[in-house]
Amino acid sequence: MSEKKMKSQLEVKRKQVNEKGASLVITLMVLTLLLGLVALALSRTVNETLVTENDAAESRTLGAAQSGIESITSDFATILENKTAPSESDLDQIKATEIKGFSDNYTFTNQIEKVDSLQTVTLSSGQYQGLMSFREEWQVDVTANDKTTGTEVQLRRRFFNNMIPIFQFGAFYNDDFEVYQPPLFIFKGRIHTNGNLFITTHTYGIYLKSKVTIAGELVTDWHKQGITLNSNEKLGNLFIQNADGVDKQIRNNDGSVLCTQGIGNSILIDPTGRNFPYQNCQKNPKWESFSQQFDGNLQTNVNKLILPVERSGKPLIEMIRRGKNPGDKANIGGSLTDVSENEADEAIISRERFANKTGIRISLADSQDRLPQCGNIPANNSCGVRLDDVLGESRGYRPIVMTDGYQATALNANRLYFADRQVWIKVELVRFDTEKNLPVTQDITQDFLSLGVTEPAPLGNNLQIAGYDSLSDSRSIIKLQRFFMKGGDIAEPNSWSYISNATIDSQSYNFVNRYVAPASFTLDSGKTLALQCSGMSENPGGLSDTLPICTAKDYFASPLYNSRTSQNESEHFRLASINGEKNIIVPFPIQMFDTREGIRSNSALNNKWLFRNGLMSMVDIDIANFRRFLNGEFNGKFPTSTPFALKNGGVGLKNTDVSESRGWVVYISDRRGDYNFDGKYNMEDVYPNTNNLFDEDLDNNGSIDTDYIYEAAEPDSIAESGESAVTDHYYYRRGVRLINGEVLPGKYDVNNPSETRGFTIASENGVYVLGNYNVESVNLTGTNEAADSANYNPQNSENHIPASIIADSVTVLSNNWNDSNSFNSPYNYNGRVATPTQYRFAMIAGDSLTSRNTTDSFAYSGGLINFKRFLENWSNVRLNYSGSLINLYNSFNNNGRYNYGTPYYFPPTRDWTFDSTFKDPNRLPPGVPFVNNIAFTGFQRVNE
C-alpha cells in the first residue's frame, strides 16, 4: 500500500474518533442541560406546590375568618335587637364566642367596640326613610390563625344599630289593620301594619296624608269578616298622598289583591297564627304599575317591624302584664307558684315589661302573697297593706296621719270584703338594674296612702260634713271610694233602695244615706255616732232609750254575690247636713257600667237591671295630685314612722326618692278577682253559642276559656242598678281611670330640651281617660282638614308634656261623663251625651278580634277609627286627638266586641293627627318601645 493511501485512511479514522468525541461532549452537554432543566423543573414544581399550599391555607383561613365574623355579627345583632345598650358582660361574651366547626384547626381573636357614640339621625333610604333613629356605629374584628401553618387573616365589619322609636308612627298595627266606612276621616301620620290593610270608604272619604307601608296586602274590595262592599264603598273615595303631597285616588278594585271573585290561592296570611279563614284572593296584575304613582308612599309586602318581646317568642301582651321575679307568685303551668330563678323572666321580657320601668308601681290583689315581692315573706312582716282588715266594729284601712296633721278618710272595706279572700295593695318605687336585668323596688305603700284613698266630697252651702273641710281628702292620688256620685237618680227595681239622690247647690248627686237623724241631734265629739243614735243596726244593744232615734234609710249593700251578712259600717259613719236634713252617710266604692263590656248578646234590659259583666270596679288615678307629689309639694309632710321612712333614717318620702328616666312610668295592676292569677279575664265566649276559635280564642290555646264560678258572670246574668253602683263585685272586672289630667306631671325644658321629663301610665287593665288630657285647648282650622299637632295648647312651653298610655284597652270619656248616667242610662246613649274633649298622648293598646260571622254587622274589631273606644253619644261633637296609635295585641280584659249605635255610642267628629313632636328625640314619652334595624356599612380585610 502506498504511503499516500495509508495517510488517507488514518485521516478518516482520526475524523471518526474526533466526531465520536464531539458527539460525546455534545451528549454530555445535552445531558447536563437536561439535568439542569429537570432540576429547574423539579425546583419550580416544589415552589409552585408550596405556593399552592400557602394559597390553600390562606383561603381556608379566610373562610374560617369569614365564618367567624358572620357568627359574631349574627350573635351581636341579636343582642342589639333585644337591647338598647349591650352590657359589658354581653361584649365579653361576644369576644369569647367559639366559632363552631373551626375551633379544632384555628384560633380566633374577637374584638368588638363602639366606634361612634349615640347620635340622632333621620334615615334617608329604604323602608324606614324619614324616620328618626337613635344610632350607634359598631365595629367587629375577627382574626383567624391556622394552627398548622400559622396563616393569619383579620376581617373587619362595621354596621349601624338603628333604634327606631315606635311612637313615630301615626298608626302601627301588629296584625291586620282595618278601616270600614268611616265618616270623613283625615289622618296625618305615618301608617304601618305587620298584617294586611283592609280599607273601604263611605261617601265622605278617607284621606291618608303620610306614608303607608304594609307587610301583607292592600285589600279594598272585601271586608275581612267576609262581607261584600255596599254601593257607597264601591265609590272608592280613598286617597293617599304621593311624595309631592298630591292626593291620589284608590278605587275598590285598585288594591294589591282582588278578593271579590273568591278565586285564586290563599294569598292573605294571618299574622296572629290563628289561621283566620280569609277569602281566597288573587294578585292584582295592575298593582305594580298602579302603585308607582305614589312615589314609594304606598308599599306592600315590606318587611315586618318586630319588637324585642316578639323576637323572644313571647306574645306582645306580656309587655303590660306583671313580671315574674324571684319573690313573686305567678301562674306557671296553670298553678299559682313561687317564682324560682329558673322560672323568672328572661332578660328581654324583664326589660320590656312596663311593670319594671322606672317610676312607681301600684298593685292590688286578693292576698298578700300575690303582691310583687311578697311571695315568701315571713308571717306578719310588712309588705303592702291589707285594706279590708278589722277596723273597730267594721272593716277597712285608716291611712296614717301626715306630719302636718292631715288625716285622710278611712277606706270603707265593708263593701269590698269577701269571706274567701282579702284586699291588698302595694305601692313601690321602681328602678331597673340593667346589669342584672331586674327591677329594684322599695315599698312606700303606707307613705303613699297617707295622701288618701277617697274622692273629696263636694262641700257647699247645702252640704256640710262634720269634721270635713276643703282640705279633707284633697291630696289623694289613688282613689278607691267616694261619698257622692254626680248625676241623676238611679232607678231600682224593688221597694227598698241602696242609694239616695238629692239636688245639692243646683247639682244632682247620688249618695249612700244609711240613717236620717232628728233635727235635734247634736254630735258629741267624745263618742262615735253608733253610740249616740239608737235605732241603728250597728248600735250595740243595751243603750238607753233616751238616745235620739235615727231612722234607717238606705239598705246596706253587701258586695255582690257574697254570702256575708255583717253590715256594721259604724266606723265609717259621717254626719252630713244635706239641704238642712241631718244624714248619716258612708263612703262607697267607685263603680261604673261599661255598656260595651256588659252586653254580649245584643239584648238590653230596662234601666233598673244591668248585665253583670259590664260592672267595672274602678281605681281612679288623680293626675293633678300626682303632679303635686312629683313637684315636691308634699315634701316634709309624709309620715316618718313608716317602714320606708325608718329605713331612710326617719325621713319621710320625698319626690326625689322617685327614680326617673326621662320622666316617670306609673304602672297599675288590679288583679282583684283574678282567681287563677294570670292577668287575663277568663271569659272568651264573646259570641255566645258561636264557638269558632278564630273568633274568640284570644290566647290561641285551642279552646274558648270561661270561668263562670270565680272570674266572670254568665253572659246574660243581671244585677240591680242601685246596688251595683255602691258596692264591689266578685269578678275580675277592673279598670283604671285617669282623672284631672289636663296638666300632667313633667316639664318641657325650652332652654335645655334634653332635660325634658315626660309621663307614662301603663296597666294590664283597661284604662279610661276622663276629660281633657295633656291639652288645655285646640286652635281649630274651621275646615275639613285635621288640626295640626302644633295647634294643641300648650305648645312648646313648660306644660307640653311627652305622654303615653299603655293598656289592655283605652276608652275615652268626655268632659261631660259621670258614672251615675252609666247606671241610669245603660241602654240609651242619649242619657250619656258627650261634650267637646281633647286628648294628647301616644297609646299602645289592644282591640277585639274580627269575626268571620257574616250575619253580624258588628263582627269586626272596630278598626282604627274605634281603636280608642267610646261609650257616649258624640253626635256632632268634636273629639280632638294628637298622638300615636299603636295596636300590638288583642284585649284580654276589656274584651267585649265592638258595637256601634244604640245602646253603645254614636261616633264623634274625629279630628285626629300624629303628634309631630315625637320626631324630636327629646320629646318622646318615657318607656317608649323601639324596633331595631341593623344596617351594614363596610366589610374589609385588615391584613394582607
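Student: Let's start with Arg321: which residue does Arg321 form a salt bridge with?

Tutor: Bear in mind that this is a predicted model. In it, the closest N and O atoms of the pair lie 3.3 Å apart. The partner of Arg321 in this salt bridge is Glu318.

Student: Is Arg321 buried or exposed?

Tutor: Here the cut-off helps: buried means under 20% relative accessible area. Arg321 has 10% relative accessibility, so it falls under that cut-off. Its partner Glu318, with a relative accessible area of 13%, is buried too. So the word for Arg321 is buried.

Student: Which residues are linked with Glu318 and Arg321 in a network of salt bridges?

Tutor: We already have one link, the salt bridge between Arg321 and Glu318. In general, side chains of opposite charge can pair when their charged atoms come close. The network that holds Glu318 and Arg321 also includes Asp345 and Arg353.

Student: How many salt bridges does the structure hold?

Tutor: The pair of Arg321 and Glu318 is one salt bridge, and Asp622 with Lys479 is another. For the structure, the count comes to 40.

Student: How many residues apart are Asp622 and Lys479?

Tutor: Their side chains meet in a salt bridge, at 3.4 Å from N to O. Asp622 lies in strand β39 (residues 615-622) and Lys479 in strand β28 (residues 478-479), so the pair links distant parts of the chain. The separation is 143 residues.

Student: And what is the relative accessibility of Lys479?

Tutor: Asp622, at the other end of the bridge, is buried with a relative accessible area of 5%. Lys479 counts as buried as well. Its relative accessibility is 2%.

Student: Which residue does Arg157 form a salt bridge with?

Tutor: The closest N and O atoms of this pair are 2.9 Å apart. Arg157 sits in strand β3 (residues 152-165) and its partner in helix α1 (residues 3-82), so the bridge ties together parts 87 residues apart in sequence. Arg157 is buried, at 11% relative accessible area, while the partner is partly exposed, at 42%. That partner is Glu70.

Student: Why do the buried residues of α2 line one face of the helix, and within what arc do they fall?

Tutor: The buried residues of helix α2 (residues 88-95) are Asp90, Leu91 and Ile94. Looking down the axis of α2, you find these buried residues within a limited arc, so they line one face of the helix. On the other side of α2, Glu88 and Gln93 are exposed. The arc that holds the buried residues is 95°.

Student: Which strands stand at the edges of the open sheet of three strands?

Tutor: The order in this sheet is β5-β8-β11, with parallel pairing. An edge strand has a single partner, so one side of it is left without a neighbour in the sheet. The strands that fit are β5 (177-180) and β11 (218-219).

Student: Which residue in β8 does Val179 stand opposite?

Tutor: β5 and strand β8 (residues 197-200) pair in the parallel sense over four bridges. Opposite Val179, in β8, stands Ile199.

Student: Last one: which residue's backbone oxygen lies 2.7 Å from a polar atom of the Ser763 side chain?

Tutor: Ser763 lies in strand β43 (residues 758-763) and is buried, with a relative accessible area of 0%. Leaving aside neighbours within four places in sequence, its contacts include Ile320, Tyr667, Val736 and Asp808. The backbone oxygen at 2.7 Å belongs to Ile668.

Note on methods. Residues numbered from 1 in each chain as written. Predicted model: local features only at pLDDT ≥ 70, side-chain atom pairs only at ≥ 80, totals over all residues. Heavy atoms only, no water. Helix = DSSP H or I, 4+ residues; strand = E, 2+ residues; numbered from the N terminus. Buried < 20%, exposed > 50% of the residue type's maximum accessible area, 1.4 Å probe, protein only. Polar contact = N/O pair within 3.5 Å; in protein donor to acceptor, adjacent residues only side chain to side chain. Contact = heavy atoms within 4.5 Å. Arc of directions from axis to C-beta. Salt bridge = Lys/Arg side-chain N within 4 Å of Asp/Glu carboxyl O. Pairing = 2+ DSSP bridges.
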